[in-house]
Amino acid sequence: MGEPVPVREVTGEEVARFRERGWARLPGLVDAEFVAGLRERALERLGRRRDRFRNGFVDRAFGQDRDIARQDEAFGALAMSPGLARNVVRLLTGVRAVRLQVTNLLVKEPADGDGHGETVFHQDFPWMPMDRSAMLTVWLALDDVPADMGALRFYEGSHLHGPLGRSFVREGDDALTQHPWLADLDLSDPFDLEAGDATVHSSLVIHGAPANRRDRPRLSFTATYFDADTLYTGAPYGQTDGLGLTVNAPFDHPMFPVVRG
């Protein structure tokens, strides 16, 4: 994987949209031919996923092959791509460099039969043992994702209201149930994605996805990045417990590499 990963630059308009709304759609972010190779690798792994996230509420919504970038060189090359890192630094505000937090190969099986259900509306940040919320996730479609396959939707501007609590902890704890006033915000319209298109969303934006109503799995790759100057708070979290991180110090550990832009 010596060749640079073909990732385009985000535009000024996309940066402005992300900061205003808490998310942005990025058509053609990654070259379609490169993504076709990722899709083939993803399909090979689907039948032997071994690293399921140990949260039953999450498992109802989608399957995960966690830390896929550590296990597969092509996904690793994309996650560590300088072009992707430059984009993330531009999208976030006041950030000089970023670390990679986690990568995932995600699959949402068709809802019929024993498939996955909806992904309830939630925030990502309330789970994190971090002292600041300068964090975002790149969600890349590995195949065409029509809206009724379970494409993400976002409550516009919800990232401006700060941390609103955890979901996936107990029944009925989705963000809208906890905070009915969120329904006063605009909900993004359903949209289709083509392979290589992406969305990017803030760790504070409220987002979710309907069930997959098609007859094939929804395939996507996600990479989450955070401000390299972030300090570790020591809060319990499965990914960081036992790593020996120092409270009130940066995440200087191989699990969280700085991605050079």
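These are my notebook entries on one open sheet and several salt bridges in a predicted model.

**Entry 1: the sheet**

I began with the strands. I found an open sheet of 3 strands, and its order reads β4-β8-β6. The pairing is antiparallel. Next I looked up the edges. They are β4, residues 119–122, and β6, residues 153–154. Each of these edge strands pairs on one side only.

I then went to the contact of β4 with β8. Strand β8 covers residues 207–209. It pairs with β4 in the antiparallel sense, over 2 bridges. Which residue stands opposite His-122? I found His-207, in β8.

**Entry 2: salt-bridge count**

I turned to charged side chains. How many salt bridges does the model hold? The count comes to 13. I followed up some of them.

**Entry 3: Arg-41 and Glu-73**

I looked up Arg-41 and found a salt bridge to Glu-73. The closest N and O atoms are 4.0 Å apart. This pair links distant parts of the chain. Arg-41 sits in helix α2, residues 32–46. Glu-73 belongs to helix α5, residues 73–79. The two are 32 residues apart.

I checked accessibility for both partners. Arg-41 has 27% relative accessibility, so I noted it as partly exposed. Glu-73 has a relative accessible area of 52% and is exposed. The cut-off for exposed is over 50%, so Glu-73 passes it.

**Entry 4: Asp-65 and Arg-45**

Helix α2 came up again here. Asp-65 and Arg-45 meet through their side chains in a salt bridge, at 2.8 Å from N to O. Again the pair links distant parts of the chain, with the two positions 20 residues apart in numbering. Asp-65 lies in strand β2, residues 63–66. Arg-45 lies in helix α2.

Are these partners buried or exposed? Asp-65 is buried, at 1% relative accessibility. Arg-45 is buried too, at 10%. Buried means under 20%, so both values qualify.

**Entry 5: a network**

I next asked which residues are joined by salt bridges that share partners. I found Arg-39, Glu-40, Asp-143 and Arg-216 in one network.

Within this group I looked up Arg-39 and Glu-40. Their side chains meet in a salt bridge, at 3.3 Å from N to O. Arg-39 is partly exposed, with a relative accessible area of 26%. Glu-40 is also partly exposed, at 43%. Partly exposed runs between the 20% and 50% limits, so both residues fall in that class.

Note on methods:
Residues numbered from 1 in each chain as written. Predicted model: local features only at pLDDT ≥ 70, side-chain atom pairs only at ≥ 80, totals over all residues. Heavy atoms only, no water. Pairing = 2+ DSSP bridges. Helix = DSSP H or I, 4+ residues; strand = E, 2+ residues; numbered from the N terminus. Buried < 20%, exposed > 50% of the residue type's maximum accessible area, 1.4 Å probe, protein only.
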